[in-house]
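Visitor: Could you take me on a close look at one part of this protein, please? I am new to reading structures, so I would love to go step by step.

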Amino acid sequence: IAQRAFAKLRANIGGLYAYRGYLIEAERAYREALELSPDSDEAACRLAQLYASVQRYDEARRVLEGYLRRDPLNARIADACRQIQTRRERAPPVSR
């Protein structure tokens with residue numbers, strides 16, 4: 001139980017980092033939350049949304065698909081997959 005609670009705290013801290021624009025720290029916090037509690041759909045969604053916000057759509061999809069393999073009926077994750085796919089389709093092409 002303590003590990004799950006600490007994972008939730010790390011996910012919340014990740015949200016604060018993301019809000020402040022500290023994206024590297026936010027990513028680290030979300031990843032730590034998932035390591036502590038791999039069944040945290042909240043941490044998986046937040047990490048995927050962070051990746052999508054910086055157009056790292058493939059990484060976002062990998063996070064969510066990995067979670068869906070664990071819990072294929074999770075509606076929150078399925079909805080996040082659809083949202084990220086829509087964002088990807090609407091995003092301007094990335095120039096390199």
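Guide: Happy to! Let us begin with a definition: when charges are counted here, Lys and Arg are positive and Asp and Glu are negative, while His and the chain ends are left out. With that in hand, the protein has 18 positive and 13 negative charges, and the mean positions of these two groups lie 3 Å apart. Please keep in mind that this is a predicted model.

Before we zoom in, here is the setting. The protein is built from five helices and zero strands, so reading from the N terminus the pattern is simply α-α-α-α-α. Its C-alpha atoms fill a box of roughly 45 × 35 × 15 Å along the principal axes. For 96 residues, a compact globule would be expected to have a radius of gyration near 12 Å, and the 13 Å found for this protein agrees with that. Among contacts with a separation of 6 or more, 52% join residues that are 24 or more positions apart. Of the 96 residues, 31% count as buried. The protein exposes about 6,400 Å², and carbon and sulfur atoms supply 51% of that area.

Now for our close look: Glu42, which lies in helix 3. Is Glu42 buried or exposed? Its relative accessibility is 13%, and buried means under 20%, so Glu42 counts as buried. Which residues does Glu42 touch, not counting those up to four places away in sequence? They are Lys8, Ala11, Asn12 and Arg76.

One of these neighbours deserves a longer stop. The side chains of Glu42 and Lys8 meet in a salt bridge, with 2.9 Å from N to O. Lys8 belongs to helix 1 (residues 2-20) and Glu42 to helix 3 (residues 41-53), so this pair ties together parts that are 34 residues apart in sequence. Unlike the buried Glu42, Lys8 is partly exposed, at 45% relative accessibility.

Glu42 also has a salt-bridge partner in its own helix. That partner is Arg46, and the closest N and O atoms of the two are 3.3 Å apart. Why are Glu42 and Arg46 separated by about one helical turn? Because they are four residues apart in helix 3. Arg46 is partly exposed, with a relative accessible area of 24%.

You can look for a similar arrangement elsewhere, in helix 2 (residues 23-36). There, Arg31 forms a salt bridge with Glu27, their closest N and O atoms being 3.7 Å apart. These two residues are also four residues apart, so about one helical turn separates them. Glu27 is buried, with a relative accessible area of 17%, whereas Arg31 is partly exposed at 39%. Glu27 and Arg31 also take part in a network of salt bridges, linked with Arg56 and Glu59.

To place these pairs in the whole picture, the structure holds 11 salt bridges. If you go back to the view of the model, try starting from Glu42 in helix 3, then find Lys8 in helix 1 and Arg46 in helix 3. In this way you can follow both salt bridges of our chosen residue, the one with Lys8 and the one with Arg46.

Technical notes:
Residues are numbered from 1 along each chain as its sequence is written. This is a predicted model: local features need pLDDT of at least 70, side-chain atom pairs count only at pLDDT 80 or more; totals for chains, interfaces and linings use all residues. Side-chain values use heavy atoms; hydrogens and water are left out. The radius of gyration is taken over C-alpha atoms; the globule rule is 2.2 Å times the number of residues to the power 0.38. Buried means under 20% relative accessible area, exposed over 50%, partly exposed in between (1.4 Å probe, protein chains only). Contact means heavy atoms within 4.5 Å. Accessible areas come from the Shrake-Rupley method with a 1.4 Å probe; for residues, only the protein chains shown count as cover. The place of a charge is taken as NZ of Lys, CZ of Arg, CG of Asp or CD of Glu. A salt bridge is a side-chain nitrogen of Lys or Arg within 4 Å of a carboxyl oxygen of Asp or Glu.
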